[in-house]
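I set out to record how the helices pack, what forms the core and how the chains meet. The entries follow the structure.

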Amino acid sequence: MLELFRYDFFIHALLASFLTAVTCGVIGTYIVARRIVFISGGISHTSFGGIGIGYYLGINPILCAAAFSILSALGVESLSKRSDLREDSLIGMMWSLGMAVGIIFIFLTPGYAANLMSYLFGDILTVTRMDIYLMAGLTIIISGVFFLFYKEILFLSFDREFAQTQRIPVSFISSLLISLVALTIVINIRIVGIILVISMLTIPQASANLISQNFKTIIFYSIAFAFLSSIMGLIASYIINIPSGASIIFSAAIIYWTLKGVVSLGHRIKKRKSLDQLPG
Amino acid sequence: MADKQKLVELNSISAGYQDRLVLENINLTLFEQDFLGVIGPNGSGKTTLLKTLLGLIKPFKGSIRFYFDHDNDHDPRKRIGYLPQQTMFDRKFPITVKDVVFSGLCSRVGLFKAFSNRDRELVDHTLESMGISELKHRSIGSLSGGQMQRVFLARALVSSPSILILDEPDTFVDQTFAHTFYETLKELNRQMAIILVSHDLGIISSHVKTIACINRTLYYHDSNIIDGKLLESYHCPIDLITHGDLPHRVLKKHGE
């Protein structure tokens with residue numbers, strides 16, 4: 001298996017795994033803590049509209065998707081403040097409308113139709129040098145924002161109104177973060193695809209949450225679990241020749257189940273021990 | 001009594017949301033050592049009044065003036081401690097007790113800055129005075145209702161505010177804790193003015209010094225005795241006074 005390291009595509013895949021782990025680990029922790037998983041699913045599917053338009057106009061589809069999903073993310077963010085709209089219905093509409101726009105434009109594009117499957121389910125083995133640069137750039141931005149605004153992010157996620165009374169620029173930071181959510185999703189479409197990206201933003205966090213109740217620790221565990229699942233998925237995809245996006249997500253789920261088993265076994269042993277110590 | 005220091009003055013405030021007017025022409029002055037109980041039916045504008053005071057919403061009309069002495073800071077709202085209603089917050093949120101209390105210091109510390117050793121001491125001290133030092137590293141979701149309420153009170157108090165605002169603090173409090181909680185408030189009232197919003201008229205009348213009844217407009221009552229006549233003359237709906245156990249000395253029967 002070591003001969004793999006001689007191939008550029010494999011080195012790129014490894015680097016991409018690491019960058020995916022950092023971006024998804026950090027942003028996913030925010031998404032899960034703020035309970036905006038559904039919004040993020042909406043943003044992810046809407047980005048397909050951007051990909052379709054990009055193809056049709058002959059612009060880089062990923063860059064077009066980035067612009068498209070940041071706009072839709074900020075749109076949902078500002079509309080959700082209005083009390084006369086039902087947020088979940090709005091997201092549901094946006095979710096399917098984005099997909100519809102994407103499909104229409106891809107079919108309108110003359111000539112060879114884009115490889116739809118790779119956008120929907122991702123393919124880590126086709127990651128290019130350019131993708132790596134984009135991912136590295138985003139990783140730096142996300143790390144910078146979380147480094148600078150860590151306490152504000154934590155406090156506004158926990159209690160938005162109280163954060164406002166503490167003079168935290170809640171709207172600005174929320175908009176900044178929802179834009180980063182959109183960018184993270186779009187950048188990771190290359191790796192795990194539009195449909196699967198949401199699992200990368202939630203499963204490692206669920207695993208981390210099994211062993212920690214602290215926001216900061218959950219971030220680091222999520223990164224570790226996301227990286228581990230990418231590597232496991234990559235190897236599995238090579239050995240048994242299955243699509244890498246799906247095998248990465250499946251690995252993440254296996255890690256979750258294993259950890260859940262270990263944790264509940266631990267609880268049971270602890271309980272047994274404390275029962276044994278009772279007199280009589 | 002006349003030389004008591006003014007803290008806040010609300011002048012003909014009208015406030016609400018989008019095109020909905022909730023509060024109309026509110027006048028209210030809060031003095032040092034005040035313990036003001038705010039009552040009113042659901043949707044009467046109690047929370048809107050608090051939000052206006054806290055600067056969370058801008059009033060449509062009128063003005064708010066703060067009179068804090070020795071205040072070099074241009075943002076007087078840093079001197080307000082706030083205990084929000086507990087129904088909204090996420091019990092599964094991964095945050096420790098210590099961090100929740102730290103969030104009460106944010107406006108003092110400012111953006112881009114980390115908490116200092118002095119801030120850490122303040123947090124430790126406040127946790128200790130609330131008797132919850134040993135819960136410091138626990139996650140908020142693992143606490144009982146009473147413990148949780150103490151944590152949120154600590155968050156409101158850590159910045160040593162001049163005014164403490166409590167929005168229905170009794171919702172999550174069990175009976176045994178309620179007593180200690182109100183004893184604590186009485187103690188705190190020596191150092192700061194308190195505004196308490198509550199549904200529980202019994203609690204209001206046995207702990208506060210003055211009462212404001214809100215129902216779109218505000219009626220101020222310079223004592224803590226609630227009777228039917230008072231509520232009637234203030235247009236507070238009568239069903240409000242039939243809820244809960246009311247001590248007889250507080251509530252006279254109708255027609256008396």
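I took angles under 35 degrees as roughly parallel, over 145 as roughly antiparallel, 65 to 115 as roughly perpendicular and the rest as oblique. The model is predicted, and local features need pLDDT of at least 70, side-chain atom pairs pLDDT 80 or more, while totals for chains, interfaces and linings use all residues. Residues are numbered from 1 along each chain as its sequence is written, with chains lettered from A in the order in which they are written.

Entry: helix packing. I looked up helix α2 (residues 37-57) of chain A and α8(A), whose axes (lines fitted to C-alpha atoms over the stretch in contact) come within 9 Å and cross at roughly 80°. The two helices are therefore roughly perpendicular to each other. Their contact (C-beta atoms, placed from the backbone, within 7 Å) includes F48(A) of α2(A) and V181(A) of α8(A). I noted eleven nonpolar residues, five polar and no charged in the contact of α2(A) with α8(A).

Entry: core. The largest nonpolar core (buried Ala, Val, Leu, Ile, Met, Phe, Trp, Tyr and Cys joined through C-beta atoms within 7 Å; buried means 20 or more other C-beta atoms within 10 Å) has 142 residues. Helix α8 (residues 170-200) of chain A gives the largest share, 18 residues. V181(A), I163(B) and I165(B) have the most contacts inside this core. I found that I165(B) touches, among others, L50(B), I80(B) and I195(B).

Entry: chain contact. I recorded 18 residues from chain B and 21 residues from chain A.

How values were computed:
A residue is buried if 20 or more other C-beta atoms lie within 10 Å of its own, exposed if 12 or fewer, and partly exposed in between; C-beta atoms are placed from the backbone. Helices (H or I, at least four residues) and strands (E, at least two) are DSSP runs, numbered from the N terminus. Two residues are in contact if their C-beta atoms, placed from the backbone, lie within 7 Å. Axes are lines fitted to C-alpha atoms, for helices over the stretch in contact, and angles run from 0 to 180 degrees between N-to-C directions. Ala, Val, Leu, Ile, Met, Phe, Trp, Tyr, Cys and Pro count as nonpolar, Asp, Glu, Lys and Arg as charged, and the others, Gly among them, as polar. Lists of a residue's contacts leave out its neighbours within four places in sequence.
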